[in-house]
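Thank you for making time for this at the group meeting. Please have the sequence and the model open, and I will walk through a few places one after another.

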Amino acid sequence: MRYSRYLLATLKETPADAEIASHQLMLRAGMIRKVAAGIYNYLPFGLRAIRKVEQIVREEMERAGALELLMPMVVPSELWQESGRWEQYGRELLRLQDRKETGFCLGPTHEEVVTDVVRNTVRSYRQLPLNLYQIQTKFRDEIRPRFGLMRGREFIMKDAYSFDLDEAGADVAYEKMFQAYRRIFERCGLKFRAVEADTGNIGGSSSHEFMVLAESGEDAIVSCDRCAYAANVEKAELLPGSIKPAEPAEELRQVATPGRRTVEEVTGFLGIAPQQLVKTLILQTDTGEIAAVLLRGDRELNEIKLCRLLGCAEVTLADEEVVRRKTGAPSGFAGPVGLNLRLLADYEVAGMADFVTGANVEDSHYLGVNLQRDVLVETFADLRVAGAGDPCPRCDGRLESWRGIEVGHVFKLGTKYSEALGATVLDDQGRERILFMGCYGIGIGRTVASAIEQNHDENGIVFPLPIAPFQVLITVVNPKEEDVMRAAEVLYGELQALGVEVLLDDRDERPGSKFKDADLLGIPLRLTVGSRGLKEQAVELQKRSNGDRSLLPLAEAASQLAGIVRQALS
């Protein structure tokens, strides 16, 4: 492809509304252009990277035995009503009506549609196992679309759905997809972790997220420094410690803490560490239950774990009126001593002694609080957000913390959708059996954006070669010189003949401007053709990843580059 004939408009300035590196660089490199909030055009340079990821995905899906189909983006409401998600999914589901006032939605995911396909076409256990996938546009009406392709409303997604006769078969399908995902992201040249995750509104028994490691990641994850355990902090397990609380060394006593409400204020005033304080959170569930949860002062509550324990869908901090009514004091002074509420505590609290809590009196706290003697906890459980330094639940190692960008998610769905929509087959005994399902998604555009988040510098993108829009950029210094342009054209033709994807920068622009664009675009290998090098029958090769430069003999440059590309893709 010739740059002079290509739709590739780079920007010198960073757009004001672009907050993270991938959004900024994809706009500046002419990969995308905004149409509306969270909706983008994929321009030719960006679409080439998208197609690279799609091709890797297709190859690995076929390797895993999945079959490609294509389902509609516009989905009738009756299917979503059958599954019960028409009202449950929330405002992210964009609902609409046709001219006959029939209800539809723009599909954010396709469990209902694919289950309808299978219930109408699969009759016998002999047709199983079955895995169907598509690469298609989705729409989720995000409240705050931001970060370019990271959190858009319209996006390209690969979604696959497995169907098996029993749970054992579903486990085999899940493992096949898990391993296929590992291969996909390895082939894309990404550093990632597969982490245990919560199933969210998709439902099911278990799931894993595939997280690209990047400082800008919205998700916090932890992984063990010794074994393969990794999990989203919402899911990460923390087991009960074996340490018994020390014998009380202090008497319970009440002290004045005027105006000190927060952990930082109280511990600073008393001259103690946050680890010596236990905070008491008064919480209310969506079912109306009010409970108190005890956490060490430097810890955060994991609401998902608490909801799982309480059997509720949502939990929030109680409002000021409820706190005053239940504790007798304003927020910031609640404590467990004498509190007439259901009392839950994180495992970590079980090993504490002589700690500080609120006294249920305004401007007052207790010192020397101890379990059993002063406080009776109903249940100890894993209720905190995991963090760096916590013990691994699988071995003797310690957890490390990372920031991650979710690019893939695999779920064991069980029979949630197949039972609701009546997707059954006859087994070898002629009995009707409900199918076991799994679902598996990859954000295609998000994968490209994540690769840029992970691979960029102050000058621009640094594409991993497998998903780079072009593998080689030929930068022609002064294309008006006939011998220079002739040499560049020969190289261009030779590389194309060897199957290398080449962008020939034949523009009549200053060399400095071309080099800046080259750094911005992030094409992995750059050949510079100029009169100085041609005097020695050589061209300069520069690798975008590390800036290494070397001279290649002009006659051998194409074959050597083709070898570098083949080796990188093998």
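Let me begin with a question: is N478 buried, partly exposed or exposed? Before I answer, please keep in mind that what we are looking at is a predicted model. The relative accessibility of N478 is 31%, and because buried means under 20% and exposed means over 50%, N478 counts as partly exposed. You will find N478 in the loop that runs between strand 27, residues 472-476, and helix 12, residues 482-497. Its backbone deserves a look as well, since N478 has a positive phi of about 60° although it is not a glycine. There is another case of this kind at Q537, a residue other than glycine whose phi is positive and near 55°, and Q537 lies in the loop between helix 14 (531-534) and strand 30 (538-543).

While we are on the backbone, let me also point to L128 and P129, which are joined by a cis peptide bond with omega at about 0°. P129 has its place in the loop between helix 5 (111-121) and strand 7 (130-139).

Now let me step back to the whole chain. The protein chain has 15 helices and 31 strands, and its C-alpha atoms fill a box of roughly 90 × 70 × 50 Å, taken along the principal axes. Of its 570 residues, 52% count as buried.

From those strands I have picked one sheet, which is an open sheet of five strands in the order 16-14-15-17-20, with mixed pairing. Strand 16 (315-317) and strand 20 (379-381) stand at the edges and have a single partner strand each, so one side of each is left without a neighbour in the sheet. On average, and ignoring direction, neighbouring strands here are turned by 35° against each other. If you look at one edge in detail, strand 14, residues 278-285, runs antiparallel to strand 16, and three bridges join the two. Within this part of the sheet, L283 stands opposite L317 in strand 16.

Next, the aromatic rings, of which the structure holds ten pairs. In one of these pairs, the rings of F178 and F210 have their centres 5.3 Å apart and their planes at 50°, so this pair is tilted. The two residues come from distant parts of the chain, with F178 in helix 6 (residues 167-187) and F210 in strand 10 (residues 206-213), 32 residues apart. F210 also pairs with Y181, where the ring centres are 5.3 Å apart and the planes are at 55°, so that pair is tilted too. Because Y181 lies in helix 6 and F210 in strand 10, the pair ties together parts that are 29 residues apart in sequence. Both F178 and F210 are buried, and Y181 is buried as well, with a relative accessible area of 0%. Taken together, ring pairs link F178, Y181, F185, F192 and F210 into a cluster.

Rings also meet charged groups in this model. R48 lies over the face of F470, at 4.0 Å from the ring centre, and the charged end of R95 sits over the ring of W86, 5.0 Å from its centre.

Let me turn to the helices, and ask how many of the residues of helix 11 are buried. In helix 11, residues 444-454, eleven of the eleven residues are buried, so this helix is largely enclosed by the rest of the structure. Among them are the charged-type names you may want to find on screen, R446 and E453.Helix 12, which we met beside N478's loop, has a partner in helix 15, residues 557-569, and their axes come within 9 Å and cross at roughly 40°. That angle makes helix 12 oblique to helix 15, and the crossing of the two is right-handed.

My last stop is R549, which lies in strand 31, residues 549-553. With a relative accessible area of 53%, R549 is exposed. R549 and R526 are 23 residues apart in sequence, and from C-alpha to C-alpha they are 9.4 Å apart in space.

Conventions:
Residues numbered from 1 in each chain as written. Predicted model: local features only at pLDDT ≥ 70, side-chain atom pairs only at ≥ 80, totals over all residues. Heavy atoms only, no water. Pairing = 2+ DSSP bridges. Helix = DSSP H or I, 4+ residues; strand = E, 2+ residues; numbered from the N terminus. Axes fitted to C-alpha atoms, helices over the stretch in contact; angles between N-to-C directions. Phe/Tyr/Trp six-rings, centres within 6.5 Å; stacked < 30°, edge-to-face > 60°. Buried < 20%, exposed > 50% of the residue type's maximum accessible area, 1.4 Å probe, protein only. Lys NZ or Arg CZ within 6 Å of the ring centre and 35° of its normal. Parallel < 35°, antiparallel > 145°, perpendicular 65-115°, else oblique. Left-handed = near helix turned anticlockwise from the far one by under 90°.
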